[in-house]
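Reader: I have not met this structure before, and I would like to learn how to read its features one by one. Could you take me through them, giving the general idea before each case?

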Amino acid sequence: MASTGEKGAADGADGTGGTERPGSGTEAVAGTAAAPAERKASWRLVGPGIVVAATGVGAGDLVATLVAGSRFGYTLLWAAVVGCLVKIALAEATGRWHLATGRTIFDGWRSLGAWTTVYFAVYVTVWGFVYGAAAMSSSALPLVALFPGLLGLKTWAILCGLAGLAFVWFNRYAIVEKIMMVFVGVMFVVVLYVAVRVTPHLGDAVAGLLPVLPDGSLLYTLGLVGGVGGTITMAAYGYWVNAKGWTDSGWMRMMRLDNRVAYLTTGVFVVAMLIVGAELLHAAGTAVGSGDQGLLDLGRILEERFGAVTAKLFLIGFLAASFSSLVGVWHGVSLLFADFVERTRAARAQGTGGEPPVLEVARGQRERSRPFRGYLLWLTFPPMGLLWLDKPFGLVIAYGVLGAFFMPFLAGTLLWLLNSGRTPHRWRNGPLSNAMLAAAGLLFVVLCVQQVRELPW
C-alpha cells in the first residue's frame, strides 16, 4: 500500500499539490511552495500506530474474537486478516490527511458543513459519558480477579479512572506513547504465550484463510472484520502523528510504516485469540460469557487446564488490554475535543468580526489546554455515577446509535475529503485506497444497522 494515496506523475502531479488556507472549506488552489524533504522510514520511530491500535483493541474485542473461535474454530481466520487490512486503510487515510494538508481531521470535517460539528458535539458528549464508566469497569475486572477480597469492583473502577486521569493530566504524548508500548508488549507476550500453550493446529489454521461463511456466522464475520481495533480513536491517529512531530508530507513513508506495523501487531492479537477460542473452547464445546466477563471465564478455564500461573499471566494481559484502551481514549479523544473547541471558537470569532486565533497543528500544546483537561474530567468523574446505577434507557439508546454511526461517518468523510480539492493532488486517493475505504464504509453501514436493531428499543 506504499502508493495508496499517491496519483503520481501520470496524473500530472508535481509533488507539491494544491494548498488551502487552514479552516477554509474552499477547493485547493495551485501551490508554489516546494515539497517537504522526504524522511527515511525507521523502525526506531514507530509509535503513534501502536498507540491507536492498542487503544482500539479492548477487552470486548478480545472476547468477540474468542467467541468467534469457540463457535466456528479456525473457519473465520480469514475475516481477521481482512479486518486488519481495513484498519490499515482507514488509519493510513487519516494520517495522510493530516500530513498532506497540515490540517486536523476535525478541521476537514468542518469544511464539509455545519452538520459535522453538530454530530460530533452530540456524539463526543454522550459517548464519553457512557464509555468512561465502561472503560473503568473493564479495567477493574482483572484487578478483582488478581486480588480477590482486597477491594470491590466499583472501588477498583474508580481507582483505574483516577489513575488514567492523573497519568494523562501530568504527561505529554511522548510518555503516553512509551507506556502504551509497554502495554502492547505485555499483551503481545501474554496472548502469544496462551496461544502456544493451547497447541494450535497449523493445518486447520491455514485452511481458515480461505473465505468461507458457515451457517450463522455472518454477524461474527462482520464483527471480526469491522469491530476489532475500530473506534473513535482511529480519528485520533492523525493527532498522535502530529504530536510525534510528524507534521508534513515528508513524513508520509514513516507514517505508513508505523501504521502497518501497528495493525499487523493487532492482527497477531486477533489471530492468537481466535486460536485460543478454537483450540481451548471449540474442541471442548465450552462456552464463555458475553462482554468482559468472558475473559474472566477464560481465566478460570486456563487455570483448570494449565495452572494458576498461566491464568494469572492471562489476567495481567487482560488488564493491559483494558487499561491501555482507557489511557488511549483519555488522551486521544481529549485531543479531538480540544481541537473541536478551538475550531468552533475560531469560527465564531470570524463570524463576529473578531480576530481568529492562530491554530497550530496538534504538536502537544493542546495537552495543557482547558478544553483538553475539561474533557479528561468529563470522561472520569460524571461516569462514576453510572457505576452505581443501571444505564438510563434513553442514554443506552443514544450511545448505541451514535456509536454505531461513527465508523461509517469516518470512512465516508475520509472518502469525501481525500477525493476533493481539499487534499493536494499528489496525496489524493488512488483506486486501491478508494476501494478499501468504500468497502470499509459499506461494512460499517451493515454493522451499524445490525447494532441499531439489537438495541433494547
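Author: Let us begin with the elements, for which helices and strands are DSSP runs, of at least four residues for a helix and at least two for a strand, numbered from the N terminus. Counted in this way, the protein chain has 16 helices and 2 strands. Please keep in mind throughout that this is a predicted model.

Reader: What is the mean pLDDT of the protein chain, and where does pLDDT stay under 50?

Author: The general idea is that where pLDDT is low, the predicted coordinates should not be read in detail. Here the mean over the protein chain is 84, and 84% of its residues reach 70 or more. Residues 1-32, however, stay under 50, although the model has 74 contacts beyond four places in sequence for them.

Reader: How many residues does the protein chain have, and what share of them counts as buried?

Author: A residue is called buried when its relative accessible area is under 20%, and 57% of the 457 residues of the protein chain count as such. As for the surface, the chain exposes about 18300 Å², of which carbon and sulfur atoms supply 65%.

Reader: Which residues are buried in helix α7, and what covers them?

Author: It helps to know that an α-helix has 3.6 residues a turn, so residues three or four places apart point the same way. Helix α7 covers residues 173-197 and reaches 36 Å from its first C-alpha to its last, close to the 36 Å expected. Among its buried residues are Tyr173, Val176, Glu177, Met180, Phe183, Val184 and Met187, and what covers the buried residues of α7 includes α1, α6, α10, α11, α12 and α13. After α7 comes Thr199, which has a positive phi near 60°.

Reader: How many salt bridges does a search of the whole structure find, and which residue pairs with Glu177?

Author: In general, side chains of opposite charge can pair when their charged atoms come close. The search finds 11 salt bridges in the whole structure. In one of them, Glu177 is joined to Lys244, with the closest N and O atoms 2.9 Å apart. Since Lys244 lies in the loop between α10 and α11 while Glu177 belongs to helix α7, the pair ties together parts that are 67 residues apart in sequence. Glu177 counts as buried because its relative accessibility is 9%, whereas Lys244, at 26%, counts as partly exposed.

Reader: Where do Arg96 and Glu92 lie, and are they buried or exposed?

Author: Both residues lie in helix α3, 4 residues apart, which is about one turn of the helix. They form a salt bridge whose closest N and O atoms are 2.9 Å apart. Arg96 has 0% relative accessibility and so counts as buried, and Glu92, at 2%, counts as buried too.

Reader: Which residue forms a salt bridge with Glu38?

Author: The partner of Glu38 is Arg253, with 3.1 Å between the closest N and O atoms. This pair links distant parts of the chain, for Glu38 is in the loop between β2 and α1 and Arg253 is in helix α11, 215 residues apart. Beyond such pairs, Arg103, Asp107, Asp339, Glu342, Arg343 and Arg366 are linked in a network of salt bridges.

Notes:
Residues numbered from 1 in each chain as written. Predicted model: local features only at pLDDT ≥ 70, side-chain atom pairs only at ≥ 80, totals over all residues. Heavy atoms only, no water. Expected span 1.5 Å × (residues − 1). Buried < 20%, exposed > 50% of the residue type's maximum accessible area, 1.4 Å probe, protein only. Contact = heavy atoms within 4.5 Å. pLDDT = per-residue confidence, 0-100. Areas by Shrake-Rupley, 256 points an atom, 1.4 Å probe, with all protein chains shown as cover. Salt bridge = Lys/Arg side-chain N within 4 Å of Asp/Glu carboxyl O.
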